[in-house]
Amino acid sequence: MTGIRFDRGRRAALRLSGLALVGATLYSILPAGAQEAMVVVPAPALDERRSDATTETAVLAGGCFWGVQAVYQHVKGVSRAVSGYAGGPRDKASYDMVTSGRTGHAEAVEVTFDPGIVSYGQILQIFFSVAHNPTQLNRQGPDVGTQYRSALFFADPAQRRIAEAYIAQLDQARVFPKKIVTQLNDAMPFFAAEGYHQDYATLNPNSPYILRHDLPKIEGLKRLFPAAWRADPVLLRVSGGKVSQ
């Protein structure tokens, strides 16, 4: 793995030592091309702003969950964003196992939102535009493996209908230079990741990985979706290494 990817294995050291300053220096000399390009995508032609519910849940996988979580924590109408695992069994839902790429899991984020404020279609627009690159197969940036695949896990048929229509819309318009490879899955159990993975981008802003790959996503959200942006992220309560309800 690259030196940047190794940063993830040294998460505790980065939080507790002066290595964060080294990370900031490293980022300042990295080439601009190291950051993933963002694409402005049109709003979905088919969408649904529900008035019969105040809470809806979306599970999205788009590479390392640190950045995806951070993006949605800055979206108006989102009340909770949890990093975790989806696509595999409960007994293999741990970071050490998932990083092997042999568990069936993808690093994912469960987003809870008010559909009266932000629609599922808008959640997807942000997902395809700034949260990740949906044309990369089984990888995202420096992270390679099926655990970093692009995938959606639908809570109900309406979410599937909106996502299928939106992907067809973006592919037909050739918004991306390649076809979207996002997997479409029916609802599957979601398992919250270990406590040290939660709110990672906020707690470790000077980590080389966060600086290079995730802070640009947050800035992209602010720049491309100003109406959806909120400055203060909605953070989780982590107690005893577990996410509190």
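F65 has a relative accessibility of 0% and therefore counts as buried in this predicted model. The predicted nature of the model applies to everything that follows, including the ring geometry and helix packing described below.

**Aromatic pairs**

A pair of aromatic rings is described by the distance of the centres and the angle of the planes. Taking ring centres within 6.5 Å as the criterion, the count comes to five aromatic pairs. In one of them, the rings of F65 and Y85 have centres 5.8 Å apart and planes at 55°, so that this pair is classed as tilted. F65 belongs to helix α4 (residues 65–73), while Y85 belongs to strand β2 (residues 78–86), so the pair ties together parts that are 20 residues apart in sequence. The partner of F65 in this pair, Y85, is likewise buried, with a relative accessible area of 0%.

Another pair joins F128 and Y166, whose ring centres are 5.7 Å apart and whose planes stand at 70°, so the arrangement is edge-to-face. Here F128 sits in helix α6 (residues 120–131) and Y166 in helix α7 (residues 157–172), so the pair ties together parts that are 38 residues apart in sequence. F128 counts as buried at 0% relative accessibility, and Y166 is also buried, with a relative accessible area of 1%. Apart from these two pairs, W66, Y200 and Y209 are linked into a cluster by ring pairs.

**Helix α4 and its neighbours**

Helix α4 is mostly covered, since nine of its nine residues are buried; these are F65, W66, G67, V68, Q69, A70, V71, Y72 and Q73. Helix α6 has 11 of its 12 residues buried, so it is largely enclosed by the rest of the structure. The buried residues of α6 are Y120, G121, I123, L124, Q125, I126, F127, F128, S129, V130 and A131.

How do the axes of α4 and helix α9 (residues 208–224) lie with respect to each other? They come within 9 Å and cross at roughly 25°, and because angles under 35 degrees count as roughly parallel, α4 and α9 are roughly parallel to each other. The crossing in which α4 passes α9 is right-handed. On the α4 side, W66, G67, A70 and V71 take part, and they meet Y209, I210, D214, K217, I218 and L221 in α9. W66 and Y209, which appear in these contacts, are also members of the ring cluster that includes Y200.

The packing of α4 with α6 has an angle of about 130°, with the axes 11 Å apart, and these two helices are therefore oblique to each other. This crossing, too, is right-handed. V68, V71 and Y72 in α4 meet I123, I126, F127, V130 and A131 in α6. V71 of α4 thus appears in the contacts with α9 and again in those with α6.

**Loop residues**

Three residues in loops may be set side by side.

| Residue | Loop | Relative accessible area | Class |
|---|---|---|---|
| K178 | between α7 and β7 (183–185) | 59% | exposed |
| N138 | between α6 and β4 (139–140) | 26% | partly exposed |
| D199 | between β8 (190–192) and α8 (200–203) | 5% | buried |

Although N138 is not a glycine, its phi is positive, at about 55°. D199, another residue other than glycine, has a positive phi near 55°. For K178, the C-alpha atom lies 8.8 Å from that of Q136, although the two residues are 42 residues apart in sequence. Leaving aside residues up to four places away in sequence, K178 touches T135 and D171.

**The chain as a whole**

The protein chain contains nine helices and 10 strands, and buried residues make up 50% of its 245 residues. Among contacts in the chain with a separation of 6 or more, residues 24 or more positions apart account for 82%. The chain exposes about 11100 Å², of which carbon and sulfur atoms supply 55%.

Definitions and conventions. Residues are numbered from 1 along each chain as its sequence is written. This is a predicted model: local features need pLDDT of at least 70, side-chain atom pairs count only at pLDDT 80 or more; totals for chains, interfaces and linings use all residues. Side-chain values use heavy atoms; hydrogens and water are left out. Rings of Phe, Tyr and Trp (its six-membered ring) pair if their centres lie within 6.5 Å; planes under 30 degrees apart count as stacked, over 60 as edge-to-face and the rest as tilted. Helices (H or I, at least four residues) and strands (E, at least two) are DSSP runs, numbered from the N terminus. Buried means under 20% relative accessible area, exposed over 50%, partly exposed in between (1.4 Å probe, protein chains only). Contact means heavy atoms within 4.5 Å. Accessible areas come from the Shrake-Rupley method with a 1.4 Å probe; for residues, only the protein chains shown count as cover. Axes are lines fitted to C-alpha atoms, for helices over the stretch in contact, and angles run from 0 to 180 degrees between N-to-C directions. Angles under 35 degrees count as roughly parallel, over 145 as roughly antiparallel, 65 to 115 as roughly perpendicular and the rest as oblique. A crossing is left-handed if the near helix is turned anticlockwise from the far one by less than a right angle, and right-handed if clockwise.
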